[in-house]
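Trainee: Could we go through this model together? I would like to see how each label is earned.

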Amino acid sequence: MNDKLELQFKPDNYKIKPNNNLEYDKTYDKDDNLKRIKEYYNYLSEDGNESFNLDIDSRGLLLKCNPNKFSKHNFVTGGFLDYSKFKQVTENIEQIINDVAGVELTFNKASISRYDNSFDIQASNEYTKCKHALKQLCDVNTGMHRNANDFMIKDTLYYGNKSDKVVVYDKTTEIKKEKDYYSYLSEVPKNLIRFERRRLKNTNILFSSINEQTYHSIRIDSINEIKKRLF
(Lines give C-alpha, C1' and ligand atoms only; values in the text may rest on other atoms or scores of the structure.)
Protein backbone atom coordinates (compact mmCIF):
# COMPACT_ATOMS: atom_id res chain seq x y z
CA MET A 1 0.00 0.00 0.00
CA ASN A 2 2.98 2.25 -0.50
CA ASP A 3 2.06 3.24 -4.07
CA LYS A 4 -1.64 4.04 -4.04
CA LEU A 5 -4.04 4.00 -1.14
CA GLU A 6 -7.79 4.67 -0.97
CA LEU A 7 -9.70 4.97 2.28
CA GLN A 8 -13.49 4.85 2.53
CA PHE A 9 -15.33 6.58 5.38
CA LYS A 10 -19.02 5.96 6.03
CA PRO A 11 -21.19 9.09 6.49
CA ASP A 12 -21.27 8.61 10.27
CA ASN A 13 -17.47 8.50 10.50
CA TYR A 14 -16.66 12.09 9.55
CA LYS A 15 -18.09 15.57 10.07
CA ILE A 16 -17.89 18.52 7.72
CA LYS A 17 -17.05 21.67 9.65
CA PRO A 18 -19.10 24.85 8.99
CA ASN A 19 -15.98 26.73 7.87
CA ASN A 20 -14.57 24.25 5.38
CA ASN A 21 -12.67 24.60 2.13
CA LEU A 22 -14.57 21.99 0.13
CA GLU A 23 -15.67 22.65 -3.43
CA TYR A 24 -19.02 21.58 -4.86
CA ASP A 25 -20.44 19.95 -7.98
CA LYS A 26 -24.16 20.24 -8.66
CA THR A 27 -26.06 17.95 -11.00
CA TYR A 28 -29.56 18.62 -12.33
CA ASP A 29 -32.10 16.30 -13.97
CA LYS A 30 -33.90 17.01 -17.25
CA ASP A 31 -36.53 19.08 -15.39
CA ASP A 32 -33.80 21.27 -13.90
CA ASN A 33 -34.29 19.82 -10.43
CA LEU A 34 -31.23 19.42 -8.24
CA LYS A 35 -30.32 15.74 -8.41
CA ARG A 36 -27.02 15.46 -6.58
CA ILE A 37 -24.41 17.57 -4.85
CA LYS A 38 -20.87 16.24 -4.74
CA GLU A 39 -18.27 17.81 -2.48
CA TYR A 40 -14.56 17.45 -3.06
CA TYR A 41 -11.17 18.75 -2.02
CA ASN A 42 -7.92 18.51 -3.98
CA TYR A 43 -4.75 19.21 -2.04
CA LEU A 44 -1.49 20.16 -3.76
CA SER A 45 1.56 21.41 -1.90
CA GLU A 46 3.47 24.48 -3.03
CA ASP A 47 6.22 22.39 -4.63
CA GLY A 48 3.59 20.40 -6.54
CA ASN A 49 4.65 17.00 -5.23
CA GLU A 50 2.49 16.32 -2.18
CA SER A 51 -1.13 15.75 -3.15
CA PHE A 52 -4.31 13.89 -2.26
CA ASN A 53 -8.00 14.00 -3.21
CA LEU A 54 -11.24 13.82 -1.26
CA ASP A 55 -14.61 12.98 -2.82
CA ILE A 56 -17.78 13.15 -0.71
CA ASP A 57 -21.24 12.01 -1.77
CA SER A 58 -24.21 10.14 -0.29
CA ARG A 59 -22.11 6.97 0.10
CA GLY A 60 -19.49 8.66 2.25
CA LEU A 61 -15.99 10.09 1.88
CA LEU A 62 -13.28 8.62 -0.31
CA LEU A 63 -9.63 9.60 0.14
CA LYS A 64 -7.11 8.89 -2.64
CA CYS A 65 -3.39 9.36 -2.09
CA ASN A 66 0.03 7.99 -2.97
CA PRO A 67 2.22 7.66 0.15
CA ASN A 68 5.42 7.31 -1.91
CA LYS A 69 4.84 10.52 -3.82
CA PHE A 70 3.40 12.43 -0.87
CA SER A 71 6.56 11.81 1.13
CA LYS A 72 8.78 12.43 -1.91
CA HIS A 73 10.28 9.02 -1.22
CA ASN A 74 13.08 8.07 -3.63
CA PHE A 75 12.02 4.50 -4.31
CA VAL A 76 14.90 4.04 -6.77
CA THR A 77 17.64 4.48 -4.16
CA GLY A 78 15.58 4.09 -0.99
CA GLY A 79 13.62 0.96 -1.86
CA PHE A 80 10.30 0.18 -0.21
CA LEU A 81 8.68 2.87 1.94
CA ASP A 82 9.14 1.72 5.53
CA TYR A 83 6.30 1.71 8.04
CA SER A 84 7.51 4.72 10.05
CA LYS A 85 7.44 6.91 6.92
CA PHE A 86 4.06 5.48 5.87
CA LYS A 87 2.65 6.28 9.31
CA GLN A 88 4.03 9.83 9.15
CA VAL A 89 2.47 10.37 5.72
CA THR A 90 -0.98 9.24 6.86
CA GLU A 91 -0.76 11.38 10.00
CA ASN A 92 0.22 14.43 7.91
CA ILE A 93 -2.68 13.90 5.50
CA GLU A 94 -5.13 13.39 8.37
CA GLN A 95 -4.02 16.68 9.91
CA ILE A 96 -4.39 18.58 6.63
CA ILE A 97 -7.90 17.18 6.13
CA ASN A 98 -8.90 18.31 9.62
CA ASP A 99 -7.12 21.68 9.72
CA VAL A 100 -7.17 22.83 6.09
CA ALA A 101 -9.94 21.00 4.23
CA GLY A 102 -12.27 21.39 7.20
CA VAL A 103 -13.43 17.79 7.61
CA GLU A 104 -13.24 16.22 11.05
CA LEU A 105 -12.18 12.58 10.88
CA THR A 106 -9.69 9.98 12.06
CA PHE A 107 -8.18 7.37 9.75
CA ASN A 108 -8.86 4.61 12.27
CA LYS A 109 -12.55 4.81 11.34
CA ALA A 110 -11.84 4.12 7.66
CA SER A 111 -11.78 0.92 5.64
CA ILE A 112 -9.15 0.38 2.95
CA SER A 113 -10.93 0.20 -0.40
CA ARG A 114 -7.80 0.04 -2.54
CA TYR A 115 -4.09 -0.49 -2.08
CA ASP A 116 -1.16 -1.05 -4.43
CA ASN A 117 2.16 -2.69 -3.62
CA SER A 118 5.07 -2.98 -6.01
CA PHE A 119 8.73 -3.65 -6.61
CA ASP A 120 11.06 -2.70 -9.47
CA ILE A 121 13.66 -4.57 -11.47
CA GLN A 122 16.37 -2.77 -13.40
CA ALA A 123 16.81 -4.78 -16.59
CA SER A 124 19.86 -4.95 -18.83
CA ASN A 125 17.65 -4.17 -21.84
CA GLU A 126 14.88 -1.63 -22.35
CA TYR A 127 11.32 -2.65 -21.57
CA THR A 128 10.16 -3.19 -25.16
CA LYS A 129 12.81 -5.89 -25.60
CA CYS A 130 11.71 -7.60 -22.38
CA LYS A 131 7.99 -7.45 -23.13
CA HIS A 132 7.86 -10.63 -25.25
CA ALA A 133 9.47 -12.71 -22.50
CA LEU A 134 7.13 -11.15 -19.92
CA LYS A 135 4.09 -12.05 -22.03
CA GLN A 136 5.17 -15.69 -22.03
CA LEU A 137 4.75 -15.66 -18.25
CA CYS A 138 1.01 -14.92 -18.56
CA ASP A 139 -1.49 -17.40 -17.17
CA VAL A 140 -4.73 -18.26 -18.96
CA ASN A 141 -6.66 -15.54 -17.13
CA THR A 142 -4.50 -12.71 -18.40
CA GLY A 143 -6.47 -9.81 -19.82
CA MET A 144 -6.09 -6.14 -20.59
CA HIS A 145 -8.09 -5.03 -17.55
CA ARG A 146 -7.88 -1.37 -16.74
CA ASN A 147 -9.80 1.28 -14.80
CA ALA A 148 -10.62 4.43 -16.72
CA ASN A 149 -8.71 6.55 -14.20
CA ASP A 150 -5.55 4.43 -14.23
CA PHE A 151 -2.49 6.04 -15.73
CA MET A 152 -1.82 4.14 -18.95
CA ILE A 153 1.71 3.45 -20.22
CA LYS A 154 2.16 1.92 -23.66
CA ASP A 155 2.80 -1.85 -23.66
CA THR A 156 1.55 -2.30 -20.08
CA LEU A 157 0.69 -5.91 -19.23
CA TYR A 158 -2.30 -6.78 -17.01
CA TYR A 159 -2.82 -10.11 -15.24
CA GLY A 160 -5.97 -10.96 -13.28
CA ASN A 161 -9.32 -9.20 -13.12
CA LYS A 162 -10.88 -5.82 -12.36
CA SER A 163 -10.80 -6.38 -8.60
CA ASP A 164 -7.35 -7.85 -8.11
CA LYS A 165 -4.66 -7.61 -10.74
CA VAL A 166 -0.93 -7.55 -11.33
CA VAL A 167 0.39 -4.87 -13.65
CA VAL A 168 3.79 -4.80 -15.36
CA TYR A 169 4.97 -1.66 -17.13
CA ASP A 170 7.87 0.55 -18.13
CA LYS A 171 8.51 2.66 -15.03
CA THR A 172 11.31 4.62 -16.69
CA THR A 173 8.90 5.83 -19.39
CA GLU A 174 6.31 6.83 -16.77
CA ILE A 175 8.89 8.86 -14.84
CA LYS A 176 9.97 10.65 -18.01
CA LYS A 177 6.36 11.44 -18.97
CA GLU A 178 5.61 12.70 -15.46
CA LYS A 179 8.98 14.39 -14.89
CA ASP A 180 7.47 17.36 -13.04
CA TYR A 181 5.75 15.02 -10.60
CA TYR A 182 8.95 13.03 -10.09
CA SER A 183 11.16 16.10 -9.80
CA TYR A 184 12.31 14.97 -6.35
CA LEU A 185 14.18 12.02 -7.91
CA SER A 186 17.87 12.74 -8.34
CA GLU A 187 17.96 11.00 -11.71
CA VAL A 188 15.79 8.95 -14.05
CA PRO A 189 16.83 5.28 -13.85
CA LYS A 190 17.35 3.30 -17.05
CA ASN A 191 15.33 0.22 -17.99
CA LEU A 192 13.28 0.14 -14.79
CA ILE A 193 10.39 -2.35 -14.91
CA ARG A 194 7.58 -2.01 -12.37
CA PHE A 195 5.75 -5.09 -11.03
CA GLU A 196 2.64 -3.91 -9.20
CA ARG A 197 -0.21 -5.64 -7.44
CA ARG A 198 -3.46 -3.65 -7.26
CA ARG A 199 -6.26 -4.58 -4.88
CA LEU A 200 -9.05 -2.39 -6.23
CA LYS A 201 -12.02 -3.23 -4.01
CA ASN A 202 -13.37 -5.49 -1.26
CA THR A 203 -10.07 -5.65 0.62
CA ASN A 204 -11.89 -6.20 3.95
CA ILE A 205 -9.10 -4.39 5.77
CA LEU A 206 -9.73 -1.75 8.43
CA PHE A 207 -7.14 1.02 8.66
CA SER A 208 -7.17 0.59 12.45
CA SER A 209 -5.69 -2.91 11.96
CA ILE A 210 -2.57 -1.57 10.25
CA ASN A 211 0.57 -1.72 12.35
CA GLU A 212 4.16 -2.48 11.39
CA GLN A 213 3.53 -6.21 11.29
CA THR A 214 0.35 -6.09 9.19
CA TYR A 215 1.87 -3.43 6.91
CA HIS A 216 4.71 -5.79 6.00
CA SER A 217 2.45 -8.85 5.91
CA ILE A 218 0.23 -7.19 3.31
CA ARG A 219 3.32 -6.37 1.25
CA ILE A 220 4.62 -9.95 1.44
CA ASP A 221 1.19 -11.20 0.37
CA SER A 222 1.30 -8.86 -2.64
CA ILE A 223 4.78 -10.00 -3.65
CA ASN A 224 3.71 -13.63 -3.36
CA GLU A 225 0.68 -12.89 -5.55
CA ILE A 226 2.94 -11.32 -8.18
CA LYS A 227 5.25 -14.35 -8.08
CA LYS A 228 2.32 -16.76 -8.35
CA ARG A 229 0.86 -15.01 -11.40
CA LEU A 230 4.13 -14.40 -13.22
CA PHE A 231 6.77 -16.82 -12.10
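Trainee: What percentage of the 231 residues of the protein count as buried?

Mentor: Happily: 47% of the 231 residues count as buried, where buried means under 20% relative accessible area, exposed over 50% and partly exposed in between (1.4 Å probe, protein chains only). Do keep in mind that this is a predicted model, in which local features need pLDDT of at least 70, side-chain atom pairs count only at pLDDT 80 or more, and totals for chains, interfaces and linings use all residues. Residues are numbered from 1 along each chain as its sequence is written, and side-chain values use heavy atoms, with hydrogens and water left out.

Trainee: Why is Leu 34 called partly exposed?

Mentor: Its relative accessible area is 47%, and partly exposed is the class between buried and exposed, so Leu 34 is partly exposed. Leu 34 lies in strand 4.

Trainee: Which residues make the nonpolar surface patch of about 410 Å²?

Mentor: Tyr 24, Tyr 28, Leu 34 and Ile 37 make it. Strand 3 (23–28) and strand 4 (34–44) are the elements that give two or more residues to this patch.

Trainee: What makes the protein as compact as a globular protein of its length?

Mentor: The radius of gyration (taken over C-alpha atoms) is 19 Å, close to the 17 Å of the globule rule for 231 residues, so the protein is as compact as a globular protein of that length. That rule is 2.2 Å times the number of residues to the power 0.38. The C-alpha atoms fill a box of roughly 55 × 40 × 35 Å along the principal axes.

Conventions:
Patch = residues over 30% accessible without salt bridge, like charges linked within 9 Å, V, L, I, M, F, W, Y side chains within 5 Å. Areas by Shrake-Rupley, 256 points an atom, 1.4 Å probe, with all protein chains shown as cover. Salt bridge = Lys/Arg side-chain N within 4 Å of Asp/Glu carboxyl O. Helix = DSSP H or I, 4+ residues; strand = E, 2+ residues; numbered from the N terminus.
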